[in-house]
Amino acid sequence: MSRIPADARFATRAVHAGLDPDPAYGSVIPAIHQTSTYAQAAPGRFVEDYDYARSANPTRAALERAVGELEGGRAVTFSSGLAAEHALITVACAGGAHVVLPADLYGGTYRLVDKVLSRWGLEYDLVDQTDLGALERAVRDETALIWVETPTNPLLNVVDVEGVVARKRGALVAVDNTFATPVNQRPLELGADFAVHSMTKYLGGHSDTVAGAVVARDDRWYDELRFVQNAVGAVPGPLDCFLVHRGLRTLHLRMAAHAENARAVSEFLRGAPGVEDVRWPGFSGMVSFRHPDATALVSRTRVFTLAESLGGVESLIEVPQAMTHGSVEGSAAAVPPDLVRLSCGVEAAEDLVADLAQALRD
Ligand SMILES: Cc1ncc(COP(=O)(O)O)c(C=O)c1O
């Protein structure tokens, strides 16, 4: 049981969440349980639910307690954000169900629904969720799930989660909280049924692991997610769980630094020649803009690394159409070819601005 008072502030909870000293030796950081199985005293006699490491692992359980605590629900973790999405859609929908997706979303989410799950009879509509009237019209009797991404990837639109929840009818609402993180937005407190994370991004925070999570508000859905986690088996390894858990402890500090750098970078870009449609939601480290020479520009930065992904302490730059969002090409969710997406890291803001200035000049 956590020693931290239940009313402790977010920063205090981020540092301590899920961490109790190891009962055997008192180590402040519990051991990484790199094991596939557990010794049993007699057939079927084992500690708690630790019979086999796909079913349960103490390092994973500690991370799940921490993520659940920070999002205000119960977390189940997976080997990637997409594995988490797959598990959630599996428990929320049956064949023939209808899903409402955002018209601007991570390409992999679209690919999962359009190329994999639609083969099992799942139907979907893409809707601009900043238009709550359009969302309301898209929700049908057989709509099982409304998938929300806010801010959206890559256009950084912000969706009113409470407004979506008010229009959900019989559907469940899942919010991909990867870009906002629980520092800025806690979907379960806004009435959503699930918060989803690619923990590969800000929660891990150091670009050194791939992992995902679903946080459920309701115990029934938590139990179903745990069942699918074991039945399908896309579990994260103990070292990955340890790395994400270590990252969580500085989440509040990193998110503040990411936001400060994103503010400085977006202010600079708004006055830069050739740059248009600069977007920063006012929190988090993601910035996007349009530039006619996008492909050449992203190859000229030195501090910003040209790479997919986001949310690490180092700054990254990419062209979504050519890199992360190829799977939405030709669909209603296609992204413009001149769009540049930045993940502002925690380096000195002046160096990030100078790097972009030289790349825009050359
Ligand atoms: C918003 C969002 N959700 C989900 C994912 C998928 O996560 P993962 O790459 O960990 O599978 C990503 C990956 O970029 C993402 O940006």
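**Exercise 1.** How many helices and how many strands are there in the chain? Then work out how its overall dimensions compare with the globule rule.

*Solution.* Keep in mind that this is a predicted model. Start by counting: the chain holds 12 helices and 12 strands. Next, take the radius of gyration, 21 Å, which is close to the 21 Å given by the globule rule for 362 residues, so the chain is as compact as a globular protein of that length. Along the principal axes, the C-alpha atoms fill a box of roughly 70 × 50 × 35 Å. Finally, look at burial and contacts: 49% of the 362 residues count as buried. Among contacts between residues at least 6 apart in sequence, 70% join residues at least 24 apart.

**Exercise 2.** Find helix H2 (residues 58-71) and decide whether it is largely enclosed or not by the rest of the structure.

*Solution.* First check the span: H2 has 14 residues and reaches 20 Å from first to last C-alpha, close to the expected 20 Å. Now count burial, with 20 or more other C-beta atoms within 10 Å as the cut-off. Of the 14 residues, 12 are buried, so H2 is largely enclosed. Among them are Pro58, Arg60, Leu63 and Val67. Then see what they pack against: the partners include helix H1 (10-16), strand E1 (74-78) and helix H9 (238-248). Just after H2 comes Gly72, with a positive phi near 80°.

**Exercise 3.** Which residues come nearest to the ligand?

*Solution.* Of the 14 residues around the ligand, pick out Ser80, Gly81, Leu82, Ser198 and Thr200 as the nearest. Sorting the shell by type gives four nonpolar, eight polar and two charged residues.

Key:
Residues numbered from 1 in each chain as written. Predicted model: local features only at pLDDT ≥ 70, side-chain atom pairs only at ≥ 80, totals over all residues. Helix = DSSP H or I, 4+ residues; strand = E, 2+ residues; numbered from the N terminus. Expected span 1.5 Å × (residues − 1). Contact = placed C-beta atoms within 7 Å. Near = placed C-beta within 6 Å. Nonpolar A, V, L, I, M, F, W, Y, C, P; charged D, E, K, R; others polar. Rg over C-alpha atoms; globule rule 2.2 N^0.38 Å.
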